[in-house]
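Got the viewer open? Here is a short tour, stop by stop, with something to select at each one.

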Amino acid sequence: MFAATFVPNQLRMEFLSQTYVALRGPTGAPQTAQDTINRLSDRLSPATLLADRRAAVLALKGLSRDCKRDVGDRALSGLLEVLVNDAELDADIGKAVLETLQLLCDTEEGDVAAKELGFKYTDQVLANEKTTHTLLSLLGDQNFYTRFATLQYLSTLLHNRRQLVQGYFLKSSNGTRNVISVLEDKREIIRNEAISLVEALISQSPDIQKVLAFEGAFEKLFSIVSQEGGVEGGAVTSSALTCVDGLLRFNSSNQSYFRETALPPVLCSLLLFPSNIQMRDSAPQEFALQFWDSQKQNNASLVVGIIGMLVGSKGSSVSIKCRIYVRITTPNAYLKPQEVLAFTRCLVEIALASNAPPPVKIQSLRLLPLNSTFPLSELILTPYMPVPETNGEEWDRLEPASALDVLVELALQGEYNGLEGGKRSRDGLELRAVAVSVFENFVQKDEIRQAFLQAMLPAEGPSMCSSGPTPVIPLLHALVAPPNTTSALDSASVTSTHFATLIFSHLLRYSSRAKALARAIMPSPVSNLSDPSAGSFFVPADGAHPPPPPEEEDDEPPQSVLQTLSENLSLSFLSRSRASTSDREAREWDRLVVGYLCLLSQWLWEDPQSVREFLDAGGFGTLVEPINQTSETDTVIPALCAFLLGICYEFDREPGEITRETIYPILNRLGVDTLVGRMARLREDERFKAVGPDTVVQPYPPISHLQPSLKHEREDEGEIWFDWAFVDFWKSNYFTIQRGLSTEPDQLSSSASGQNAEATILVASLRDMLRSQSQEIETLQHKVKELTKMKDEEVAALKAQVQSLSSDLRQAEEKQKETEKEQEDLLVLLDEMTSKRKKEKAKLRELGQDVSEDEAEDDGDE
């Protein structure tokens, strides 16, 4: 790649002679390094010949490796003068002086003293803007060595004193133009070094980002990506995409400018996703099924990051449904909504219907905007699943399903329909946890939650009563499936149930109407417990649905979800206490119990009717025993049991067998201080402290765990105990429950203890008013339904009557027409008879016969 330069022997000998004379001195006596450096520094003066200055620079370059301090202290100013005066005129001296300055300012090699010298000389070089402007001008030189050495030296200065160099760059007249031109260099080594320079130059500088963007940096960088083969390219593609990301991130001006260019669709095309795809169209198979390696994964991750940044920015936060409607009604009038739709769908397709690596899927789901109204329930996906023992080379196409169903299935079973759910890798758990987070964002509005729960209620119709069982969907199957108490606990089933509790808690949290709907759900008994995916809707596209199992007759009435959860919690506590349980299996039981307790805590909060149903199902006795048990390794479950017990006491306001008066003595027997202490220890548990908004998955087993017998089955094994939503819920309500444990039974609420009597009465009255208004609304809604039904019946009867009257009217009109025609015929006949009679009378008169008087009168009348 480097062009060989022919140097005549005469010039080479002349250079060696000049260097030798410079080093030996006038008398030929040996000199020290300092003497030599001093003599060479003197030869850097503009008064000397160019050849002498070139020889001196080359000699100083050689000495700077071993005598960095002496060369820098004595010759730095002369070297900078040579750079300014001679570098543009002579490529050889320009290359030599740049390489020498590079050695002097280098801070990455050598000991601490050498690095300090590098920063010192960098400060001297950047004492004014003259040197930086000279370097930026040298970027316009087409000589390979000059341009390459300039790029390297500018990168070093940026590494050492970035902000100072950036300030000088903004004042340069030709710096921006030359930097952009270097990106177009056909020589790959120059172009690659230029990408590294741009990456350092735009770091944390919005002004430089704007200047380069408006000079065409986006077009040049995407051209490089295209030349390198898109995401299939190597490290150069990664560097170019990193620069694009740096130009856009945290820079709203550049983001707006980028949207106005023709480049946004290129992002989708890099991932082989069509940017003009319609909602009803399926994603192409070449996008869904690709071959992946680590470099491609890194490149695709950068593209996905840019897409997510554009979708999540303020310019893209308008309702997608509204924009789609505008785009359809006014074609070609708005291009941006289609881009937002394509970007969002691309992220959804990558995460839910492709064979992309789990980190890319996790990133795609996390980048979906929180305020997006993308219709997950309307988008139909075609998922794929790898054929076993084919090393990912053969794939089965599964039945199409809505994106929402695929999202829930991903959270419940894991990637590829739970194919590797039992391995419980950290990436796999992280992907499922992010899917739950996306579901939480989707059901933020209460009406969406209610619609979701309404679909789980028993169907109403003439053949089914409203109290019949609900068909078991995957979510309900995973939630209410009883734990396996006859053999070893399956970790995949535990994880599935745990994620089901997380999903269901998002449907119920702080929504009284949603909790009321959930109490009415009566799931059918789950019979197939051995197959964790029994509730799955996925089947191969070329296969048929498995035949349904025969239904068993059961005279017992169906149980509600809350009753089933209470029963499953009791079974889990019993199985957890078996002596034959290993430490690993006991930890699995603990995770299952934690899932149940977290869901119940959020369900029963501020819902007295749910508290009453839970207490009537025997839940109170289930909570007391774990609180009495003391263990150094088990702090989570007693704390959660105490917390849930406090919630039951706090919101036990409905009449029943177990009331606040019956619970209060038991709390005193357990000890309020003991209960508060149990709850306080949860805050110190590592499994609770480690949870954050984006940190849910924890390594298994944790390093600080007190059970050394716990061993991981694979290096990247992980586990989940809590999600951030519950941690935030617990921290927000912990002190309320703590106060409530010491509240007398006849007091209204512990939350009112810090308020005055007037505020307490006001809160109570508002609650009563709200309850009465809710009942009134339900009554009015029922009346509206009845009136609507009656109105429909009346309208139908009136329509039938109108049709009957219309038919009668038509028949009457036809009869009338017939009568009128008969009358017309009679009139014609009468007229004819009258005319005939006249003629006969006239003939009689002519014959001399007498005509009667009446006939004469008739004739007179006529």
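**Stop one: a covered helix**

Select α31 and show its buried residues, which pack against α28, α29 (561-576), α30, α32 (619-628), α33 (636-650) and α34 (660-670). How much of α31 is buried? The helix is mostly covered, with 7 of its 9 residues buried. To pick them out, select Pro608, Ser610, Val611, Arg612, Glu613, Phe614 and Leu615. Now step past the end of the helix: α31 is followed by Gly618, and its phi is positive, near 90°.

Before going on, keep in mind that this is a predicted model.

**Stop two: two positive phi values**

Stay around α31 and go to the loop between α30 (583-604) and α31 (608-616), where you'll find Glu606. Check its backbone: Glu606 is not a glycine, yet its phi is positive, about 55°. Most residues other than glycine have a negative phi, so a positive one is worth a click. Switch on the surface and Glu606 counts as partly exposed, because its relative accessibility is 47%, which falls between the 20% and 50% cut-offs.

Next, jump to Tyr510, in the loop between α27 (491-508) and α28 (512-519). Here too a residue other than glycine has a positive phi, this one near 60°. Is Tyr510 buried or partly exposed? It counts as partly exposed, at 47% relative accessibility.

**Stop three: α8 meets α9**

Select helix α8 (residues 144-160) together with helix α9 (residues 162-171). Their axes come within 5 Å and cross at roughly 125°. That angle makes α8 oblique to α9. For the side chains at the junction, show Leu157, Leu158 and Asn160 in α8, which meet Arg162, Val165 and Gln166 in α9. Colour them by type and the residues of this contact split into 3 nonpolar, 2 polar and 1 charged.

**Stop four: Thr122**

Keep Leu157 and Asn160 on screen and add Thr122, which sits in helix α6 (residues 112-125). What does Thr122 touch, beyond its neighbours within four places in sequence? Its contacts are Cys105, Leu157, Asn160 and Arg161. Thr122 is buried because its relative accessible area is 0%, and the cut-off for buried is under 20%.

**Stop five: Leu419**

Move along to Leu419, in the loop between α23 (415-418) and α24 (426-442). This residue is partly exposed, with a relative accessible area of 43%. Draw a distance from its C-alpha to that of Met385: the two atoms are separated by 8.3 Å, while the residues are 34 apart along the chain.

**Stop six: zoom out**

Reset the view and show the cartoon. The protein chain has 39 helices and 6 strands. Of its 862 residues, 47% are buried. Take the contacts with a separation of 6 or more: 74% of them join residues 24 or more positions apart. With the surface on, the accessible area comes to about 43900 Å², and carbon and sulfur atoms hold 52% of it.

**Last stop: colour by confidence**

Finally, colour by pLDDT. The chain averages 81, and 82% of the residues score at least 70. Select residues 1-9, where pLDDT is below 50; this stretch has 6 contacts in the model beyond near neighbours in sequence. Then select residues 315-335, where pLDDT also stays under 50 and the model has 27 contacts beyond four places in sequence. Where pLDDT is low, the predicted coordinates should not be read in detail.

Conventions. Residues are numbered from 1 along each chain as its sequence is written. This is a predicted model: local features need pLDDT of at least 70, side-chain atom pairs count only at pLDDT 80 or more; totals for chains, interfaces and linings use all residues. Side-chain values use heavy atoms; hydrogens and water are left out. Helices (H or I, at least four residues) and strands (E, at least two) are DSSP runs, numbered from the N terminus. Buried means under 20% relative accessible area, exposed over 50%, partly exposed in between (1.4 Å probe, protein chains only). Contact means heavy atoms within 4.5 Å. Accessible areas come from the Shrake-Rupley method with a 1.4 Å probe; for residues, only the protein chains shown count as cover. Axes are lines fitted to C-alpha atoms, for helices over the stretch in contact, and angles run from 0 to 180 degrees between N-to-C directions. Angles under 35 degrees count as roughly parallel, over 145 as roughly antiparallel, 65 to 115 as roughly perpendicular and the rest as oblique. Ala, Val, Leu, Ile, Met, Phe, Trp, Tyr, Cys and Pro count as nonpolar, Asp, Glu, Lys and Arg as charged, and the others, Gly among them, as polar. pLDDT is the predictor's confidence in each residue, from 0 to 100.
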